[in-house]
Amino acid sequence: MGNNTPPRTLTIAGSDSGGGAGLQADLRTFFACGVHGMTAITAVTVQNSLGVTGVHTIPPEVVAAQIEAVATDIGVQAAKTGMLATAEIISAVAGACDRVRIGGDGTPLVVDPVSASMHGDPLLHEDALDALRDELFPRATLITPNLDEVRLLTGIDVRSRAEQRDAAKALAEYGSRWVLVKGGHLWDDPECLDLLYDGSGFTEFLGPRFDQEHTHGSGDTLASTITAALAKGADMVDAVARGKAFIIESVRTAYPLGGGVGPVSARWRLPDADTFLVD
Ligand code: PXL
């Protein structure tokens, strides 16, 4: 590769027409982290700051073809999954990842088990949870569920940091190398604890809880930063630490948009963004 060619990352995710979450958040984060972002689009959502009003899924074989096209030519140093929508798409993603050696012992694969928007709009069919657990988690280097996803996946309703540990242990049984249980939805906790588990030991990542309603795309941004760090060769503990630092700044600088919930922002990585082009 030329000297200007950065590490390449792939997001396998859905489009958010409002530009807040999904692959738009992933690409923004990849750029801000200095890696080249690529996309395998799984679904087009019709969405604004008020919620999701439509979902149009992409044929599974087209999702698989996007993964194989970029992996075989451009190469992928780390990949992540976001909204996968259906069991059929999950199976197609698992097959394509096997063929190009993403996940398992190959290229690092971060699986963010996106199940719903923050407004509660479904982004994953209920019958796709089995496919996620059985076909994708065993291939994942890291899974990054929030507490709503933990409840859907394990039945554990986490109410305390101790139960967060129980949930991490239960999720590790599905075969991912690492589990990150995000504590942002533990609303009574004055801080946000993200708990990393490697099957035997825990690492805690503690951050402030902001009085901030504009947090659209926060899970995507965290998982994308971790993916970018892994693509640059960071080890998992360091990658999650970098991800946590990045999301703290991005939540701190989030902005309102439309009449509903605004996105977290990676603009803090471009300090002259306001004056660039017009100074
Ligand atoms: O933030 C999770 C997410 C992922 N992907 C898409 C989304 C959302 C949340 O709304 O719309 C496409």
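**View 1. Strands β1 and β2 lie side by side in the parallel sense.** Nine bridges hold this pairing of β1 and β2 together in the predicted model. Strands here are DSSP runs of E with at least two residues, helices are runs of H or I with at least four residues, and both are numbered from the N terminus. Two strands count as paired if DSSP finds at least two bridges between them. To find your place in this view, look for Leu 10, whose bridge partner in β2 is Met 38. Strand β1 is mostly covered, with nine of its nine residues buried. Buried means under 20% relative accessible area, exposed means over 50%, and partly exposed lies in between, using a 1.4 Å probe and protein chains only.

A word on reading these views: residues are numbered from 1 along each chain as its sequence is written. Because this is a predicted model, local features need pLDDT of at least 70, side-chain atom pairs count only at pLDDT 80 or more, totals for chains, interfaces and linings use all residues, and side-chain values use heavy atoms, leaving out hydrogens and water.

**View 2. Strand β1 also pairs with β4.** Here β1 (residues 8-16) and β4 (residues 78-81) run in the parallel sense and share four bridges. A handy landmark is Ile 12, which stands opposite Thr 81 in β4.

**View 3. A hairpin links β2 and β3.** Two residues sit between the two strands. Strand β2 (residues 36-48) and strand β3 (residues 51-57) run antiparallel and are joined by six bridges. Follow Gln 47 across and you will meet its bridge partner in β3, Val 52.

**View 4. Nine strands make up one open sheet.** Walking across the sheet, you pass β3-β2-β1-β4-β5-β6-β7-β8-β9, with mixed pairing. Strands β3 and β9 (202-208) stand at the edges with a single partner strand each, so one side of each is left without a neighbour in the sheet.

**View 5. Helix α4 has several buried residues.** In α4 (residues 129-136), the buried residues are Leu 129, Ala 131, Leu 132, Arg 133 and Leu 136. An α-helix has 3.6 residues a turn, so residues three or four places apart point the same way. The cover over the buried residues of α4 includes β4, α3 (87-99), β5 (109-111) and α5 (147-154).

**View 6. Arg 101 and Leu 277 each have a positive phi without being a glycine.** Arg 101 is in the loop between α3 and β5, with a phi of about 60 degrees. Its relative accessibility is 52%, so Arg 101 counts as exposed. Leu 277 lies in the segment after α8 (236-252), and its phi is near 80 degrees. At 72% relative accessibility, Leu 277 counts as exposed too.

**View 7. Stepping back, the whole protein has eight helices and nine strands.** The radius of gyration is 17 Å, close to the 19 Å that the globule rule gives for 279 residues, so the protein is as compact as a globular protein of that length. That radius is taken over C-alpha atoms, and the rule is 2.2 Å times the number of residues to the power 0.38. Along the principal axes, the C-alpha trace spans about 55 × 45 × 40 Å. Of the 279 residues, 52% count as buried.

Note on methods
Contact = heavy atoms within 4.5 Å.
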